[in-house]
Amino acid sequence: MLKYFLLLAVISCAAVAEDAETLKYNSDVNEHGFQYDFETSNHIHAQASGDDHGAVKGDFEWHSPEGEHIHINYVADDNGYQPQSDILPTPPPIPEAIAKAIQYIQAHGGHA
């Protein structure tokens, strides 16, 4: 699984970095897991580490074509891929009537 994750990360960044130079690249794979980090001349940076149980933590960042700095932190473990970033969409708030209904159900022994 880790091999595919690393391959996906490298391919994704390579697609963005067609004409960029690699300024920094470090990687280590051992019996306890792995870690890598790299940076390119067009401001792409990524780093990640994973343990021998398959859990991975990392982040990546770049500048969009519009000049916006994009930065995403993530954890990938038994609970799935969990990215965090200001650029990710968030769900709308729960409508007041629905929130009251959920509170009522919970207060009266229901499951919600």
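Asp86 is exposed in this predicted model, since its relative accessible area of 84% lies over the 50% that marks an exposed residue. The residue is found in the loop that runs between strand 6, which spans residues 80–84, and helix 2, which spans residues 96–107. Although Asp86 and His71 stand 15 residues apart along the chain, their C-alpha atoms are separated by 8.0 Å.

The loop that holds Asp86 thus connects a strand to a helix, and its place can be read from the order of elements in the chain as a whole. The chain contains 2 helices and 6 strands, and, read from the N terminus, these elements follow the order α-β-β-β-β-β-β-α. In that order a helix stands at each end, with the strands listed between them. Of the 112 residues that make up the chain, 20% count as buried, and the chain exposes about 8,500 Å², of which carbon and sulfur atoms supply 56%. When contacts between residues at least 6 apart in sequence are considered, 14% of them join residues that are at least 24 apart.

Aromatic side chains give a further view of the structure, which holds 5 aromatic pairs. One of these is formed by Phe34 and Tyr36, whose rings are stacked, with 6.3 Å from centre to centre and 15 degrees between the planes. Phe34 counts as buried because its relative accessibility is 7%, a value under the 20% cut-off for burial. Tyr36 is likewise buried, with a relative accessible area of 8%, so that both members of this pair fall under the same 20% cut-off.

A stacked arrangement is also found for Phe60 and Trp62, whose ring centres are 5.9 Å apart and whose planes differ by 5 degrees. The accessibility of these two residues places them in another class, that of partly exposed residues, which lies between the 20% and 50% limits. Phe60 counts as partly exposed because its relative accessibility is 22%, and Trp62 is partly exposed with a relative accessible area of 27%. Phe60 and Trp62 also belong to a wider group of rings, as ring pairs link them with Tyr74 and Tyr81 into a cluster. Of the members of this cluster, Tyr81 belongs to strand 6, the strand of residues 80–84, after which the chain enters the loop where Asp86 lies.

Technical notes. Residues are numbered from 1 along each chain as its sequence is written. This is a predicted model: local features need pLDDT of at least 70, side-chain atom pairs count only at pLDDT 80 or more; totals for chains, interfaces and linings use all residues. Side-chain values use heavy atoms; hydrogens and water are left out. Helices (H or I, at least four residues) and strands (E, at least two) are DSSP runs, numbered from the N terminus. Buried means under 20% relative accessible area, exposed over 50%, partly exposed in between (1.4 Å probe, protein chains only). Contact means heavy atoms within 4.5 Å. Accessible areas come from the Shrake-Rupley method with a 1.4 Å probe; for residues, only the protein chains shown count as cover. Rings of Phe, Tyr and Trp (its six-membered ring) pair if their centres lie within 6.5 Å; planes under 30 degrees apart count as stacked, over 60 as edge-to-face and the rest as tilted.
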